[in-house]
Amino acid sequence: MDNFYSMDELRQMGFKHLGGEDILISRKASIYRPERMSFGNHVRIDDFCLLSGGVAFGNYIHIAAYSAFFGGNCSITMDDFSGLAYRCTIVASSDDYSGMYLTNPTVNSIYRKCTTESIHIGKHVVLGAGSIVLPGIDLGEGCSFGAMSLVNKSTEPWGMYVGAPCKRIRERRQDMLNLERRFLEENEKDG
């Protein structure tokens with residue numbers, strides 16, 4: 001497991017909270033402001049991911065390679081059993097692109113206008129490869145998003161969404177709730 005940091009190494013990084021079990025963060029991931037980050041149990045962050053600012057992961061979370069979290073001074077929260085496929089981007093802070101203001105962090109803030117709002121990714125949410133979530137979004141429990149979806153509005157629970165901007169195309173099955181219950185019961189017996 002040399003590809004992932006050991007628990008001792010993770011503790012030394014100064015995270016706000018670390019769960020006690022099965023936290024795998026790739027040595028090739030980039031981590032900024034770990035003192036604002038929290039991890040539950042059974043969390044895996046793959047190669048070339050970028051984590052920045054206030055990020056809180058629940059339990060049984062997977063973040064695939066090349067995904068990025070830009071929490072800024074806000075928070076990005078991922079509830080249990082949620083995950084991101086390759087190259088997803090979660091952006092809690094963004095410059096105004098209208099042309100009325102200057103942009104980018106090298107410019108004094110009095111000349112910029114930034115939107116900075118927290119993001120919530122509900123339980124059992126899964127984002128397809130290349131998806132983007134913009135500031136202030138609440139992804140309802142159980143939603144799934146097809147590859148390259150642009151999520152610019154909050155979503156209602158248990159829907160399947162696709163497109164840019166994404167649109168709800170149908171209801172998502174909830175069979176996984178029974179599987180979750182069985183899985184957790186079996187793990188309690190084994191633990």
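**Exercise 1. Find where Phe-81 lies, and decide whether Phe-81 is buried, exposed or partly exposed.**

*Solution.* Begin with the accessibility: Phe-81 has a relative accessible area of 22%. Next, recall the cut-offs, by which buried means under 20% relative accessible area, exposed means over 50%, and partly exposed lies in between (1.4 Å probe, protein chains only). Phe-81 is therefore partly exposed. As for its place, Phe-81 is found in the loop between strand E8 (68-78) and strand E9 (83-84), where helices (H or I, at least four residues) and strands (E, at least two) are DSSP runs, numbered from the N terminus. Finally, look at the backbone: phi of Phe-81 is near 60°, which is a positive value in a residue other than glycine.

Before going on, note that this is a predicted model, in which local features need pLDDT of at least 70 and side-chain atom pairs count only at pLDDT 80 or more, while totals for chains, interfaces and linings use all residues. Residues are numbered from 1 along each chain as its sequence is written, and side-chain values use heavy atoms, with hydrogens and water left out.

**Exercise 2. Describe the backbone at Arg-33 and at the bond between Ala-164 and Pro-165.**

*Solution.* Take Arg-33 to start with: its phi is near 65°, again a positive value in a residue other than glycine. Arg-33 belongs to the loop between strand E3 (30-32) and strand E4 (37-39), and with a relative accessible area of 35% Arg-33 is partly exposed. Then turn to Ala-164 and Pro-165, which are joined by a cis peptide bond with omega about 0°. Pro-165 sits in the loop between strand E19 (159-163) and strand E20 (166-171).

**Exercise 3. State how many salt bridges the structure holds, and work through the pairs of Glu-9, Arg-44 and Arg-173.**

*Solution.* The structure holds 8 salt bridges, each being a side-chain nitrogen of Lys or Arg within 4 Å of a carboxyl oxygen of Asp or Glu. One of them joins Glu-9 to Arg-27, with the closest N and O atoms 2.8 Å apart. This pair links distant parts of the chain, since Glu-9 is in helix H1 (residues 7-12) and Arg-27 is in the loop between strand E2 (23-25) and E3, 18 residues apart. Both ends can be classified: Glu-9 is partly exposed at 26% relative accessibility, and Arg-27 is partly exposed at 36%.

In the next pair, Arg-44 and Asp-46 meet at 2.6 Å, N to O; Arg-44 is partly exposed at 38%, whereas Asp-46 is buried at 10%. In the pair of Arg-173 and Asp-175, the N to O distance is 2.6 Å; here Arg-173 is exposed at 61%, while Asp-175 is partly exposed at 41%.

**Exercise 4. Classify the ring pairs Tyr-60 with Phe-183 and Phe-145 with Tyr-161.**

*Solution.* A search of the whole structure finds 8 aromatic pairs. Rings of Phe, Tyr and Trp (its six-membered ring) pair if their centres lie within 6.5 Å, and planes under 30 degrees apart count as stacked, over 60 as edge-to-face and the rest as tilted. The ring centres of Tyr-60 and Phe-183 are 5.0 Å apart and their planes stand at 80°, so this pair is edge-to-face. Because Tyr-60 lies in the loop between strand E6 (50-57) and strand E7 (61-63) and Phe-183 in helix H2 (residues 176-190), the pair ties together parts that are 123 residues apart in sequence.

For Phe-145 and Tyr-161, the centres are 5.2 Å apart and the planes are at 20°, so this pair is stacked. Phe-145 is in strand E17 (residues 144-145) and Tyr-161 in strand E19, 16 residues apart. Phe-145 is buried at 4% relative accessibility, and Tyr-161 is buried at 8%.

**Exercise 5. Name the residues that touch the most other members of the largest nonpolar core, and the element that gives the most to this core.**

*Solution.* A nonpolar core is a set of buried Ala, Val, Leu, Ile, Met, Phe, Trp, Tyr and Cys residues joined through side-chain atoms within 4.5 Å. The largest one has 37 residues, of which Phe-39, Ile-45, Phe-57, Phe-69 and Leu-127 touch the most other members. E8 gives the most to this core, with 4 residues. Ring pairs also link Phe-15, Phe-39, Phe-57 and Phe-69 into a cluster.
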